[in-house]
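Trainee: I'd like a close look at one part of this model, please. Pick a stretch and take me through it, along with whatever it packs against.

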Amino acid sequence: MHLAYPAVLAVLLFSVGLYGVLARRNSVLVLMSVELMLNAVNLNLVAFDVWLRDTLHAGQALTLFTITIAAAEIGLGLAIVLMVFRTQGTADIDRLRALSDRPGSAESVAGQAGPAPEPPSASEPGSGPASGPAPASGPASGAASGSDSQGKATVA
């Protein structure tokens, strides 16, 4: 068997995988591209093992090790992608800055010291810009009201 055929196929697989890692924005497609690159390495390991006629079959042993690492990588990678999708609502790599980002948090909006306060709604009494705490009404006169860190009205 000529070594050129599997080597050219491995180069093509690795090139497609590298293009996928660099050009794709969806994290699942990036993981699939990494798998293509690892499969290209596996193809080279087996091809060179057959070409060198190694009695220990070190290329095939390394291929099994690489397959095991790839399976663990895809399992952890998909778990991380699912966690990020649940918290962020997207798997787009460009929209993610850190795993601690939450939608509307200070880290997800560049240049802000904190979350932007929401404008007061007309349905909340006493929530105008010049008004203080809402007056207590009814039998629950001991209830205090204020606002939390995001500007939303709270009743304690």
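Mentor: Helices here are DSSP runs of H or I with at least four residues, strands are runs of E with at least two, and both are numbered from the N terminus. This is a predicted model, in which local features need pLDDT of at least 70, side-chain atom pairs count only at pLDDT 80 or more, and totals for chains, interfaces and linings use all residues. Residues are numbered from 1 along each chain as its sequence is written, and side-chain values use heavy atoms, with hydrogens and water left out.

Let's take helix 3 and work outwards. Helix 3 covers residues 58–88, and its 31 residues should span 45 Å at 1.5 Å a residue (the expected span is 1.5 Å times one less than the number of residues); the end C-alpha atoms lie 44 Å apart, so the two values agree. Just after helix 3 comes Gly89, with a positive phi near 85°.

Now for the buried side of the helix. Buried means under 20% relative accessible area, exposed over 50%, and partly exposed in between, using a 1.4 Å probe and protein chains only. By that rule Gly59, Thr63, Thr66, Ala70, Gly77, Val81, Val84 and Gln88 of helix 3 are buried. The partner for the buried residues of helix 3 is helix 2, residues 27–52. Axes are lines fitted to C-alpha atoms, for helices over the stretch in contact, with angles from 0 to 180 degrees between N-to-C directions. Helix 2 and helix 3 pack at about 175°, and their axes are 9 Å apart. The two are therefore roughly antiparallel (over 145 degrees). Their contact (heavy atoms within 4.5 Å) comprises 13 nonpolar, seven polar and three charged residues. In this scheme Ala, Val, Leu, Ile, Met, Phe, Trp, Tyr, Cys and Pro are nonpolar, Asp, Glu, Lys and Arg are charged, and the others, Gly among them, are polar.

Two residues let you see this packing from either side. Thr63, in helix 3, has a relative accessible area of 9% and is buried. Beyond its neighbours within four places in sequence, Thr63 touches Asn42, Leu45 and Val46. On the other side, Leu31 sits in helix 2 and, at 13% relative accessibility, is buried. Setting aside neighbours within four places in sequence, Leu31 is in contact with Glu73, Ile74, Gly77, Leu78 and Val81.

The loop between helix 2 and helix 3 deserves a look too. Most residues other than glycine have a negative phi. In this loop, Arg53 has a positive phi of about 55° although it is not a glycine, and Arg53 is exposed at 71% relative accessible area. His57 belongs to the loop as well; its phi is positive, near 55°, and at 40% relative accessibility His57 is partly exposed.

Finally, helix 2 has another partner. The axes of helix 1 (residues 4–23) and helix 2 come within 8 Å and cross at roughly 160°. That makes helix 1 roughly antiparallel to helix 2. The residues in contact include Leu13, Phe14 and Gly17 of helix 1 and Val34, Met37 and Ala40 of helix 2. By class, this contact of helix 1 with helix 2 has 16 nonpolar, four polar and no charged residues.

Definitions and conventions: Angles under 35 degrees count as roughly parallel, over 145 as roughly antiparallel, 65 to 115 as roughly perpendicular and the rest as oblique.
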